[in-house]
Amino acid sequence: MNSFDADVQLAVQAAQDKQALDICVLNLRGSGAFADYFILCSGSSTPQIQAIGEAVEERLHRNGRRVAHREGRGGAEWYLLDYGFLIVHIFSERARLYYDLERLWRNAERIEVAANGDRQAEQRSASQSGARSLGGSQAEPEGNAAQ
């Protein structure tokens, strides 16, 4: 596991700690994308969206990562943290449906993340869908992002 993978796991754990909804990691390595990973998750309220973003930023900061760019603080429906190799997108449920990044990057390897660290559900989901679960075995990426 490289240090980027460890940072992705830390960011996911921070989001889980704040009860983020529908956490998904997209592995964009090898796709020519501007980042190696996207983490996508939702919050059910503006304060929760902000709390998730602050928790992710704090956890990665303690691990030596500094956010290069941040967008969406203070009431926005989309909070973005850009670490260069990793971009964390925290949406309201409405904004997530509207922007639909999962569809836009549908050819990326999708790493399933179960709510609150339910590893058995992650592994079931990965084995049923062919996707990899966070912390599970690696699968080959499916291809480039849709154009």
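1. A cut-off to start with: a residue counts as buried when its relative accessible area is under 20%, as exposed when that area is over 50%, and as partly exposed in between. Glutamate 112, in strand E6, has a relative accessibility of 16%, so glutamate 112 counts as buried. Please keep in mind as you read on that this is a predicted model.

2. Let's stay with glutamate 112 for a moment. Its side chain meets that of arginine 110 in a salt bridge, with N to O at 2.8 Å. The two side chains are also joined by a polar contact of 2.8 Å. The partners sit on either side of the burial cut-off: arginine 110 has 31% relative accessibility and is therefore partly exposed, while glutamate 112, at 16%, is buried.

3. How many salt bridges does the structure hold? The count is eight. As a general reminder, side chains of opposite charge can pair when their charged atoms come close. One of the eight that I would look at is formed by the side chains of aspartate 7 and arginine 65, at 2.4 Å from N to O. Aspartate 7 belongs to helix H1 (residues 3–17) and arginine 65 to the loop between helix H2 (46–62) and strand E3 (69–71), so this bridge ties together parts that are 58 residues apart in sequence. With a relative accessibility of 1%, aspartate 7 is buried; arginine 65, at 22%, counts as partly exposed.

4. Another salt bridge joins aspartate 100 and arginine 103, where the closest N and O atoms are 3.4 Å apart. Here aspartate 100 is partly exposed at 27% relative accessibility, and arginine 103 is partly exposed too, at 48%.

5. Now to the rings, where there are six aromatic pairs. Phenylalanine 38 and tryptophan 105 make an edge-to-face pair, with centres 5.6 Å apart and 80° between the planes. Why does this pair bring together separate parts of the chain? Phenylalanine 38 is in strand E2 (residues 37–43) and tryptophan 105 is in the loop between helix H4 (101–104) and strand E6 (109–112), so the pair ties together parts 67 residues apart in sequence. Phenylalanine 38 is buried at 2% relative accessibility, and tryptophan 105 is buried at 12%.

6. Tryptophan 78 and tyrosine 99 form a second kind of arrangement, a tilted pair with 4.5 Å from centre to centre and 50° between the planes. This pair links distant parts of the chain, since tryptophan 78 is in strand E4 (residues 78–82) and tyrosine 99 is in helix H3 (residues 93–99), 21 residues apart. Buried or partly exposed, where do these two residues fall? Tryptophan 78 is partly exposed, with a relative accessible area of 25%, and tyrosine 99 is partly exposed as well, at 39%. Ring pairs also draw these two into a cluster with Phe91 and Tyr98.

7. Tryptophan 78 deserves a point to itself. Leaving aside residues up to four places away in sequence, tryptophan 78 touches Glu71, Gly72, His89, Ile90, Phe91, Tyr99 and Leu101. With histidine 89 there is a polar contact between the two side chains, at 3.1 Å. If you would like a backbone distance as well, the C-alpha atoms of tryptophan 78 and serine 42 are separated by 8.9 Å, although the two residues are 36 apart along the chain.

8. Finally, helix H2. This helix has 17 residues and reaches 24 Å from its first C-alpha to its last, close to the 24 Å expected at 1.5 Å a residue. Which residues of H2 are buried? They are Gln48, Ile49, Ile52, Gly53, Ala55, Val56, Glu57, Arg59 and Leu60. When you look at how they are spaced, recall that an α-helix has 3.6 residues a turn, so residues three or four places apart point the same way. Just after H2, glycine 64 takes a positive phi of about 90°.

Methods. Residues numbered from 1 in each chain as written. Predicted model: local features only at pLDDT ≥ 70, side-chain atom pairs only at ≥ 80, totals over all residues. Heavy atoms only, no water. Salt bridge = Lys/Arg side-chain N within 4 Å of Asp/Glu carboxyl O. Helix = DSSP H or I, 4+ residues; strand = E, 2+ residues; numbered from the N terminus. Buried < 20%, exposed > 50% of the residue type's maximum accessible area, 1.4 Å probe, protein only. Phe/Tyr/Trp six-rings, centres within 6.5 Å; stacked < 30°, edge-to-face > 60°. Contact = heavy atoms within 4.5 Å. Polar contact = N/O pair within 3.5 Å; in protein donor to acceptor, adjacent residues only side chain to side chain. Expected span 1.5 Å × (residues − 1).
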